[in-house]
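Hi there,

Here is the structure I promised to pass on to you. My notes on it follow just below, so have a look at both when you get a moment.

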Amino acid sequence: MSITDDKKLDGKVALVTGASRGIGAAVSLELARQGAHIIAVARTVGGLEELDDRIRTVGGEATLVPLDLKDFDGIDRLGGHVAEKYGRLDILIGNAAILGPLSPLPHIRPKEWEDLMTVNVTANWRLLRSFDPLLRNAEAGRAIFVTSTVARNPRAYWGGYATTKAALECLVKTYAAETNKTNLRTNLINPGPTRTAMRARAMPGEDPQTLPHPAELTPLFLKLCLPDCTANGEVFDFRDWKDRL
């Protein structure tokens, strides 16, 4: 039976960052298909509009939010708008990230390092800071962040990106521990190599057709978004999870 046969997230409100393409777009589309109203956050207006068209084709609805996550005041304003309109946030998907330069650590320019930390770490902390009360107000708040294998298995020339993902994992696990006695559940997903623009940039000689499409990850995201999810502060590796099915 297809997971689209019934709407498991009917009436839920889900905010997705990096929603205009890749994993963010695939997750947004699936959550919308399951009945969630999507607050789609991305920098690219054209990409958001394309996503909106796709969401409409599955009978879903979206609010498009063109926003650079470096705009921390903008994140706070968005939190205020969501609080005013919904009074809660059921699902937060922290997907947006930048790869940065793949080079020896001493070769990374200070501005490149600052951008990596700003987008991959601080923006996610600002999201938690702004939306914490709304996630707690939800009947079963769920927050999922996207990490990477290199967070726990460092490799040469990936130091900038890897450092930010390791910091993100610490951030998310700490938040999960702090909210463990609430109805909120917060976890991380490690997609592994996936057919995305970031992966193509990191591994230009790789045949993308040999990699999973972002849509293949969406059942795992959906599982962690559901009210019956009890996991908290865990890292789910997509390939391990898929192999256990």
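**Helix H7 and its surroundings**

Helix H7 (residues 218–225) is largely enclosed by the rest of the structure, because six of its eight residues are buried. Please keep in mind throughout that this is a predicted model. The buried residues of H7 are Thr218, Leu220, Phe221, Leu222, Leu224 and Cys225. Their cover includes two helices, H1 (22–33) and H8 (238–243), along with strand S4 (91–94) and strands S5, S6 and S7.

H1 deserves a word of its own here. Its axis lies 10 Å from that of H7, and the two helices pack at an angle of about 55 degrees. That makes H1 oblique to H7, since an angle between 35 and 65 degrees falls outside both the roughly parallel and the roughly perpendicular ranges. The crossing of H1 past H7 is right-handed. On the H1 side, Ile23, Ala26, Val27, Glu30 and Leu31 make the contact, and on the H7 side Thr218, Phe221, Leu222 and Cys225 do. Sorted by class, the residues of this contact are seven nonpolar, one polar and one charged.

**H3 against H4**

A second helix pair is H3 (residues 72–85) with H4, whose axes come within 9 Å and cross at roughly 25 degrees. H3 and H4 are therefore roughly parallel to each other, as angles under 35 degrees count that way. Their crossing is right-handed. From H3, the residues that take part are Phe72, Ile75, Asp76, Leu78, Gly79, Val82 and Ala83, and they meet Thr118, Thr122, Ala123, Arg126, Leu127, Arg129, Ser130, Phe131 and Leu134 in H4. The contact of H3 with H4 has nine nonpolar, four polar and three charged residues.

Two residues of H4 are worth picking out. Threonine 118 sits in helix H4 and counts as buried because its relative accessibility is 16%, with the cut-off for buried at under 20%. Neighbours within four places in sequence aside, threonine 118 touches Lys70, Phe72 and Ala123. Glutamate 114 is also placed in helix H4, but glutamate 114 is partly exposed, with a relative accessible area of 48%. Between glutamate 114 and histidine 81 there are 28 Å in space, C-alpha to C-alpha, and the two are 33 residues apart in sequence.

**H5 and the loop before it**

Helix H5 runs over residues 159–178, which is 20 residues. From its first C-alpha to its last, H5 reaches 28 Å, close to the 28 Å expected at 1.5 Å a residue. Its buried residues are Gly159, Gly160, Tyr161, Ala162, Thr164, Lys165, Leu168, Glu169, Val172, Tyr175 and Ala176. What covers them includes helix H4 (110–137) and helix H6 (197–202), as well as strands S5 (142–146), S6 (185–190) and S7 (235–237).

Which residues does alanine 162 contact, leaving aside its neighbours within four places in sequence? They are Val150 and Ala151. Alanine 162 lies in helix H5, and at 8% relative accessibility it counts as buried. Glutamate 114 comes up again here: alanine 162 and glutamate 114 are 14 Å apart in space, C-alpha to C-alpha, with their positions 48 residues apart in sequence.

The loop between S5 and H5 holds tyrosine 157, and you may want to look at its backbone. Most residues other than glycine have a negative phi. Tyrosine 157 has a positive phi of about 75 degrees although it is not a glycine. Tyrosine 157 counts as exposed, because its relative accessibility is 51% and exposed means over 50%.

**A buried threonine in S6**

One last residue is threonine 186, in strand S6. Is it buried or exposed? At 0% relative accessibility, threonine 186 counts as buried. Apart from neighbours within four places in sequence, its contacts are Ala143, Phe145, Val172, Tyr175, Ala176, Asn232, Gly233 and Glu234. Among these, Val172, Tyr175 and Ala176 are also buried residues of H5.

Happy browsing, and all the best!

Conventions:
Residues are numbered from 1 along each chain as its sequence is written. This is a predicted model: local features need pLDDT of at least 70, side-chain atom pairs count only at pLDDT 80 or more; totals for chains, interfaces and linings use all residues. Side-chain values use heavy atoms; hydrogens and water are left out. Helices (H or I, at least four residues) and strands (E, at least two) are DSSP runs, numbered from the N terminus. The expected span of a helix is 1.5 Å times one less than its number of residues. Buried means under 20% relative accessible area, exposed over 50%, partly exposed in between (1.4 Å probe, protein chains only). Contact means heavy atoms within 4.5 Å. Axes are lines fitted to C-alpha atoms, for helices over the stretch in contact, and angles run from 0 to 180 degrees between N-to-C directions. Angles under 35 degrees count as roughly parallel, over 145 as roughly antiparallel, 65 to 115 as roughly perpendicular and the rest as oblique. A crossing is left-handed if the near helix is turned anticlockwise from the far one by less than a right angle, and right-handed if clockwise. Ala, Val, Leu, Ile, Met, Phe, Trp, Tyr, Cys and Pro count as nonpolar, Asp, Glu, Lys and Arg as charged, and the others, Gly among them, as polar.
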